[in-house]
Amino acid sequence: MQLLPLRAAVRPDLFTVTLVDGFTVGFRVYWLARAAGWYMDMLTTEGTPVSTGRRITPGAVMAFPGAGVGVPPGQFVAMGPDRYGREDLGRTVTVGYLTADEVAALADPTEA
């Protein structure tokens, strides 16, 4: 699993990352005070939105589309405590990327 380079920025944080399977994707990460949570947008490398407004909910798969232009083949998962604060992003709250092979191995451990 590859962890995304997240940090609790004051303004929306834009970054691009090359994933372990060679796919490059952009992200916008921002805090929504009224919802008391961190949110992510997935972007193409040119900055075009692929999927927007996805809440970072620890213990859950990020609800990005499973296929399409600009979507990597694996899955993103949020980790950390159920309740978190603004300053926890990148410290106790993280988002990791699992390759398609890692997802398949979790689904069927006999194939690992």
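A nonpolar core, as the term is used here, is a set of buried Ala, Val, Leu, Ile, Met, Phe, Trp, Tyr and Cys residues joined through side-chain atoms within 4.5 Å. In this predicted model, the largest such core has 21 residues. L4, F27, M40, I56, F76 and V95 have the most contacts inside it. Several strands feed this core: strand 2 (13–18), strand 3 (24–32), strand 4 (37–43), strand 6 (75–79) and strand 7 (94–98) each contribute at least two residues. I56 is worth a closer look. Leaving aside residues up to four places away in sequence, I56 touches V29, W38, Y39, M40, M62, A78, Y84, L89, V93 and V95.

Now to the sheets. One is an open sheet of four strands, ordered 2-3-4-5 with antiparallel pairing. Strand 2 and strand 5 (49–55) sit at its edges, each pairing on one side only. On average, neighbouring strands in this sheet are turned by 20 degrees against each other, ignoring direction. Strand 4 and strand 5 run antiparallel and are joined by four bridges; here L43 has P49 of strand 5 as its bridge partner.

Another open sheet is built from three strands in the order 1-7-6, again with antiparallel pairing. Its edges are strand 1 (2–3) and strand 6, each of which pairs on one side only. Two bridges link strand 1 to strand 7 in the antiparallel sense, and L3 stands opposite G96 in strand 7. Then there is helix 1 (residues 100–107), which lies across strand 6 and strand 7 and runs at about 90 degrees to strand 7.

Definitions and conventions
Residues are numbered from 1 along each chain as its sequence is written. This is a predicted model: local features need pLDDT of at least 70, side-chain atom pairs count only at pLDDT 80 or more; totals for chains, interfaces and linings use all residues. Side-chain values use heavy atoms; hydrogens and water are left out. Buried means under 20% relative accessible area, exposed over 50%, partly exposed in between (1.4 Å probe, protein chains only). Contact means heavy atoms within 4.5 Å. Two strands pair if DSSP finds at least two bridges between them. Axes are lines fitted to C-alpha atoms, for helices over the stretch in contact, and angles run from 0 to 180 degrees between N-to-C directions.
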